[in-house]
Amino acid sequence: MKLYCIGIGPGGAEQMTLRAVRALEKCDCVAGYGLYLDLIAELIEGKERIQTGMTKEVDRCTAARDAARAGRTVAVVSSGDAGVYGMAGLLLEVCGDDPAIEVEVIPGVTAACAGGAALGAPLTGDFACVSLSDLLTPWEVIEKRLRGAAAGDFCIALYNPGSKTRAGHLRRACDILLETLPPETVCGLARSVGRAGESHTLTTLGVLRDTAADMLTTVFIGNSRTRVVNGRMVTPRGYRGV
């Protein structure tokens with residue numbers, strides 16, 4: 001029994017790896033959040049859909065597992081990379097008691113990479129990814145991670161910076177970072193990268209705390225070396241002669 005967990009990248013087919021496309025071609029059933037299935041609609045035409053909404057991830061993985069047990073070749077898709085805030089871990093847990101199911105995890109372009117490329121090159125050195133969603137992680141843990149990343153002078157990519165129920169999370173995160181980082185720290189926002197309405201903006205940490213951001217946005221906080229070069233956000237690696 002074969003079950004794929006596929007990262008589809010930030011947008012449509014042109015944002016996917018060839019390995020991911022080839023795996024989808026082998027499947028007759030695809031499970032995912034409705035928006036993500038719509039993004040790859042041309043690649044899964046004629047295939048059965050297992051579609052669930054947000055917060056129904058366990059149901060989605062269970063249904064995909066059961067379809068694989070019934071002899072289907074199934075893919076569970078995640079936006080970005082399946083192993084970065086995606087479905088890979090959960091799917092492996094759900095299938096953990098059934099060694100007959102072979103789960104193959106296929107990586108994709110995560111938001112930190114896609115958004116970073118849109119802004120320039122903010123992550124060329126060591127960096128940390130932190131999700132501001134406290135649905136599965138207590139806010140106290142998120143605060144600890146933010147303080148640790150700031151103390152270590154990491155560039156930081158913030159996932160899930162805001163939603164209707166978490167409108168103040170980005171401001172709270174910025175206030176924590178401002179305990180250590182100066183307000184003029186270079187920052188950037190990348191929204192809907194690879195999709196219709198893509199946008200990206202440069203700002204500073206002091207201004208960022210009063211900036212609105214939603215679930216389609218990835219926020220980038222520079223380190224002490226990050227600067228703006230010809231309108232692009234760049235973190236130099238330290239090459240000599242530049």
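Here is a short walk through one sheet of this predicted model and the helix that packs on it.

Residues are numbered from 1 along each chain as its sequence is written. Because the model is predicted, local features need pLDDT of at least 70 and side-chain atom pairs count only at pLDDT 80 or more, while totals for chains, interfaces and linings use all residues; side-chain values use heavy atoms, without hydrogens and water.

Let's start with the sheet: five strands (DSSP runs of E, at least two residues, numbered from the N terminus) form an open, mixed sheet in the order β7-β8-β11-β9-β10. Two strands count as paired if DSSP finds at least two bridges between them. β7 (127–131) and β10 (199–204) are the edge strands, each with a single partner, so one side of each has no neighbour in the sheet.

Now step from β7 to β8 (residues 155–159): the two run parallel and are joined by five bridges. Cys129 stands opposite Ala157 in β8, and Ser131 stands opposite Tyr159. Helix α6 (residues 139–151; helices are DSSP runs of H or I, at least four residues) packs on the sheet and touches β7 and β8, where contact means heavy atoms within 4.5 Å. Together, β7, α6 and β8 make a right-handed β-α-β unit: with the strands pointing away from the viewer, the path from the first strand over the helix to the second runs clockwise.

What covers β8 on its other edge is β11 (residues 217–221), joined to β8 antiparallel by three bridges. Here Ala157 stands opposite Phe220 in β11. Five of the five residues of β8 are buried (under 20% relative accessible area, 1.4 Å probe, protein chains only), so β8 is largely enclosed by the rest of the structure. Cys155, Ala157 and Tyr159 are buried on one side, Ile156 and Leu158 on the other.

Terms used: Axes are lines fitted to C-alpha atoms, for helices over the stretch in contact, and angles run from 0 to 180 degrees between N-to-C directions. Buried means under 20% relative accessible area, exposed over 50%, partly exposed in between (1.4 Å probe, protein chains only).
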